[in-house]
Amino acid sequence: MRFSHSVLLLQFLFFASLTAQNMPPEYTTQRIQGDAPTIDGDLDDPAWQQVEWGTDFHQRQPDDSAPVSQETAFKILYDERFLYVAWRAYDTDPDKIEARLGRRDDFPGDWVEINFDSFNDKRTAFSFSASASGVRGDEFISNDGNNWDESWNPFWFFKAKTDEDGYTAEARIPFSQLRFGKEENQTWGLQVNRNLFREQEASSWAPIKQTQPGWVSRFGILKGLNGIKPRKPLELQPYVLGQVRTGGGFPDEDPFGRKTDERLSAGLDGRIGITNDVVVDFTINPDFGQVEADPGAINLDGFQIFFQEQRPFFVEGRNIFNYRITQAEAGGSYNGDLLFYSRRIGGSPSRFLRERHGAGRFVRQPENTTILGAAKVSGKTRSGLSLGLLSSFTEREFATVIDNNGEAREQVEPFTSYNVGRVQQDFNEGQTTIGVMLTSVNRDLHTEELNFLHNNAYSGGMDFVHRWKDRAWALRANAVWSQVRGSEAAITRTQTSFEHNFQRPDADHLSVDTTATRLSGTGGTLAIGEFAGDWVFETGLTYRSPGLELNDIGFLNNTEQFNYFAWGARRWRNPTKAFNRFQWNHNIYAGWDWSGESLNRSYNTNVWGQLKNFSNFRFFLNLEQQDISRNALRGGPLFRRSPGYAMGGGIGTDGRKKLNAYLYFNGGKSYDGNVMGGEVGLEINYQPTDALSLYVEPSFNPSTRRDQYITTLTDDGRTGYMHGKIDQQVISLTMRATLNLTPDFTIQYYAQPFVARGVYDEFKIVDNPLAKDFDNRFIVFPENNVAFNGESGTYQIDDDTDRGIDWEFGDPDFNFLQFRSNLVVRWEYRPSSTIFLVWSQGSSGGTDPTQSAFQALTQDLFANDVRNTFLVKGTYRWVR
């Protein structure tokens, strides 16, 4: 009897121990009695004696089973308006604390952090980071830690100090910058983190194993917040700007080239709280002159080039609008399609007018469409309802033309409104989410020249995510639809565009309707995967119907395709004898067109890891079994491209060092040897002092392709898809230097020379587009049948016996040069109030294709006209 009682007692103690291990830690704060602490980095204020230290941190990386190397503690207080946080980061060797400086949200040293899940919804949180050097970081966390939005820039204060015990940090965070409910007694999710730079050690107050998916859902608990009231935010941030622009054109002959543009303008950004949960952000006459220029890029395959959004208004809070049709974690070629792509707003005008200097025609074309104003409503309620609404209006734009008839204005962009709405509802403690998204574009078309645009474009989507088994498994599904409306010419243009190709002669299931005034389509994805443990995987299907069209406000690479994807990975997350971390991945992709024709099959395997000395590496191998394109002939039949293989990787040195580098390389070729290419690049980071950081990245990309599309021609009822052999060289050099005089005063210089050269020969037309043998796909013109006309700059080809010109096309050789640079002096003279001094310089154009890319880079980079822009901008952020 006694034995059975003992067994029962042992079982009870065992299960009680397990329950205690699984219980999240708790911290109880208090309302300040007396004076609030002074935010100076010293923790000797009497107020801090009112609460206990939170301790007992757990190592998360590199080894979540090992104790922390250095102890950390924190305290939290509050009053009517603010939260106060104190960190004590102990260090037995304080001389080794890394206090490197950087711009906001970018600091490569020691730091501490606190995350508040103020709605306790286990999906979203607000993060505040404090570095030992005094640099602030702040991010909005969503999707249970899968998205960290560093564009979120709240108004808060902190100071840090180093002493003989390590370093301390002290912060004051306004309640107006957070979102929470109206309960008298609040319970929040809480996480406190530390990064020990020299050991690359990450530790957390609430323990999280590396094999556990999720982040916010595993927070600890913050109690003791009693009687606090939600505060509706009210913020205004006016700006004034002066700008001078010089250059542009050829001063000796171009009348626009002799002009210097001057501009003085003002605008306003603001935030108004509808409730504590929902806020309105707005901008009137925004200016983004301080934003870094896009990198140089060239693409000969016809697909759009995707550029990241960098404008602050559209970047901040973008997570709610991030609707990817495919969300395979392994990536692949299907992940680029977006229901909303904010770069469509304020982009280049839709109509481009060409200059003809020799004929005396000169054009001054707007570079971007003017954004008159924009507003977005965003928030999340206590019930788990996330809301996002965005509306923007762009101005009607005109180009100025000077020719023999005098000066005139021609419209190149209509007045347009863009609207996006997004709603998501959480269920089951955030493990299930259902969402809806709707978009619209409406253009006010008043001129015949713009009838190629859609009058209206609408799209929408529904998405569903369900997680179970402690969030280890996830089922993801979404469906999208679109409809565009316009003139017969506009809809015909859409049907025959690169993404759709309804005119394909071999597509019996497609046809061009020249009388249609609307076009509709659908798409969607279904995927299931397991994301916990050492082995993880996901598999799914995604499709796009022929009529799906998103590019008025979204980003759509291709249509008329079914795709299957699967990936799996084995992850060694804790250190082994040789590695700190190691991972192996394998991916499979396959695709079919709408008629069931097999288009592509490819495989990828890759590994990456970090060695014990903190150097890192990655290597990959791609194998392609089939590559049949529905776009390569730009409306022609399906075309077989030579499958092949590619391999490459990268090797990086210890990122903790003042000087570190990463060498990357890849190369590949088709199995038949008709396509080959590669790339080599080197990223070098050097931080000679805590205040100065330097970055340089040269890269070189040579390639040869014997089946490069040039143009489509007709001759006496024949259609010729003209191709050639191209030898291409691309060189880019990205440079960035940042000098941080203080955490709030920085000078940054960015520059990128970019050169792309392509030289063609071996001209041919397609004969049998699906032939498996390369030589059977083409008819190659003998050299004596090809002549170059220097006066017209065209190639002329006779491919029969009539001695006449059957095919004629312009010289496709090119040597494109571009230089972009920005020098930005940024002084944040008070939190979130900034003065910018900016000098932007840019030039682009062509040079002699007979020169190599290296010759063009060293001799002709600045041969084209250089445009300089000087800008002074001041903002002031007022917060109630």
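Start by selecting S342 and E309. Their side chains are joined by a polar contact of 2.6 Å. Keep in mind that this is a predicted model. S342 sits in the loop between helix 2 (312-315) and strand 18. Is S342 buried or exposed? S342 counts as buried because its relative accessible area is 8%, and buried means under 20%.

Next, follow the loop to strand 18. Select residues 362-364, which make up strand 18, and residues 406-413, which make up strand 22. Add residues 397-403, which form strand 21. These three strands build an open sheet in the order 18-21-22, and their pairing is antiparallel. Strands 18 and 22 are the edge strands, each pairing on one side only. From one strand to the next, the twist averages 25°.

Stay with strands 21 and 22. How many bridges join strand 21 to strand 22? There are seven, and the two strands run antiparallel. For one pair to click on, take D403: opposite this residue, in strand 22, stands G406.

Now move to strand 7. Select residues 125-131. Strand 7 is mostly covered, with seven of its seven residues buried. Show the side chains and check which way they point. A125, S127, S129 and S131 point one way from the strand. F126, F128 and A130 point the other way. Residues in both sets are buried.

Bring in the neighbours of strand 7. Strand 6 covers residues 111-117, and six bridges join it to strand 7. Strands 6 and 7 run antiparallel. Select N115 here: this residue stands opposite S127 in strand 7.

Then add strand 8, residues 136-142. Six bridges join strand 7 to strand 8, and this pair also runs antiparallel. Which residue of strand 8 is the bridge partner of F126? That partner is F140.

Look at the turn of this hairpin. Four residues lie between strand 7 and strand 8. Select G134, which takes a positive phi near 95° in this hairpin.

Keep G134 selected for the last stop. G134 also helps line the second largest cavity, together with R103, R104, V135, R136, P743, D744 and E828. That cavity has a volume of about 50 Å³. Colour its lining by class: two residues are nonpolar, one is polar and five are charged. How many cavities of 30 Å³ or more does a search of the whole structure find? The search finds five.

Key
Residues numbered from 1 in each chain as written. Predicted model: local features only at pLDDT ≥ 70, side-chain atom pairs only at ≥ 80, totals over all residues. Heavy atoms only, no water. Pairing = 2+ DSSP bridges. Axes fitted to C-alpha atoms, helices over the stretch in contact; angles between N-to-C directions. 1 Å grid on protein atoms, 1.4 Å probe; cavity = no way out; pocket = protein on both sides within 12 Å on 5 of 7 lines; lining within 4 Å. Points joined across faces, edges and corners; volume = space filled by probe spheres on them. Nonpolar A, V, L, I, M, F, W, Y, C, P; charged D, E, K, R; others polar. Buried < 20%, exposed > 50% of the residue type's maximum accessible area, 1.4 Å probe, protein only. Polar contact = N/O pair within 3.5 Å; in protein donor to acceptor, adjacent residues only side chain to side chain.
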